[in-house]
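I opened this notebook to record, step by step, what I looked up in the structure. The entries run from single residues to the whole chain and back again.

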Amino acid sequence: MWNSMPESSNIYDEALKEIDLLITSLNANSDRAWSEADTRVKFIDPLLTKVLGWNEIDNIKREENYVEDEQKRCIDYTISMAEPLLIVEAKKNQIDFEIPIATDLINYSLNGVMTNWSNAWATVKQVREYSAS
């Protein structure tokens, strides 16, 4: 991960620069329709490697296939060290997913958020299935 960077580098400043570049690029292309593969290459890959510092060779696996209930399934990303730590599900752009801003709440109820955004609920259910495998 970050240990490959020189100690004199401020990794947080570098990560912020990378996320700013990523957001600028996304905003400049927000009117274009991206496929799931585009989302992965243009957003998720740089986010994982350049912003979060995951080592692409050692820590990131893509397109892991498995069979559940006689159906072939695929996990877009598995982030791991010794064991999986994070599963990322890529989606094409222009599918709304947002968490409402509420100043009086510290925690969000997943069911509460999901009742208003059916696309988000479907994605959460998909990732939950992967995690149970």
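**Entry 1: threonine 39**

I began with threonine 39, which is buried, because its relative accessible area of 9% falls under the 20% limit for that word. The model I am reading is a predicted one, and I kept that in mind throughout. I placed threonine 39 in helix H2, which covers residues 36–51. I then listed what threonine 39 touches beyond its neighbours within four places in sequence, and found Trp34, Ile44, Lys91, Lys92 and Asn93.

**Entry 2: the nonpolar core**

Next I asked which residues make up the largest nonpolar core. I noted 8 residues in all, namely Ile44, Leu48, Trp54, Ile60, Tyr77, Ile79, Val88 and Ala90. The elements that give two or more residues to this core are H2 and strand S2, residues 71–80. Ile44, which I had already met as a contact of threonine 39, is one of the core residues. I also looked up alanine 90, another member of the core, and, with its neighbours within four places in sequence set aside, I found it in contact with Glu36, Arg40, Ile44 and Asp76.

**Entry 3: the whole protein**

I then stepped back to the overall layout and counted 5 helices and 3 strands in the protein, which follow the pattern α-α-α-β-β-β-α-α when read along the sequence. Of its 133 residues, 24% count as buried. The accessible surface comes to about 9600 Å², and 52% of that belongs to carbon and sulfur atoms. Among contacts between residues at least 6 apart in sequence, I noted that 45% join residues at least 24 apart.

**Entry 4: confidence**

I checked how sure the predictor is, and found that the protein averages a pLDDT of 75, with 70% of the residues scoring at least 70. Among the elements, H2 has the highest mean pLDDT, at 90, whereas helix H4, residues 110–114, has the lowest, at 55.

**Entry 5: helix H1**

I turned to helix H1, residues 11–28, which has 18 residues and reaches 26 Å from its first C-alpha to its last, close to the 26 Å expected at 1.5 Å a residue. At the N-terminal end of H1, I found asparagine 10 acting as a cap, with a side-chain oxygen 3.1 Å from the backbone nitrogen of tyrosine 12.

**Entry 6: three glutamates**

Is glutamate 89 buried or exposed? I recorded it as buried, because its relative accessibility of 13% is under 20%. Glutamate 89 is found in the loop between strand S3, residues 84–88, and H4. Its C-alpha lies 8.8 Å from that of valine 124, although the two are 35 residues apart in sequence.

Glutamate 63 caught my attention for its phi near 55°, a positive value in a residue other than glycine. Glutamate 63 sits in strand S1, residues 60–68, and I noted it as partly exposed, with a relative accessible area of 36%.

Glutamate 70 also has a positive phi, about 65°, although it is not a glycine. I located glutamate 70 in the loop between S1 and S2, and I entered it as exposed because its relative accessibility of 80% is over the 50% limit.

Definitions and conventions:
Residues numbered from 1 in each chain as written. Heavy atoms only, no water. Helix = DSSP H or I, 4+ residues; strand = E, 2+ residues; numbered from the N terminus. Buried < 20%, exposed > 50% of the residue type's maximum accessible area, 1.4 Å probe, protein only. Contact = heavy atoms within 4.5 Å. Core = buried A, V, L, I, M, F, W, Y, C linked by side-chain atoms within 4.5 Å. Areas by Shrake-Rupley, 256 points an atom, 1.4 Å probe, with all protein chains shown as cover. pLDDT = per-residue confidence, 0-100. Expected span 1.5 Å × (residues − 1). Polar contact = N/O pair within 3.5 Å; in protein donor to acceptor, adjacent residues only side chain to side chain.
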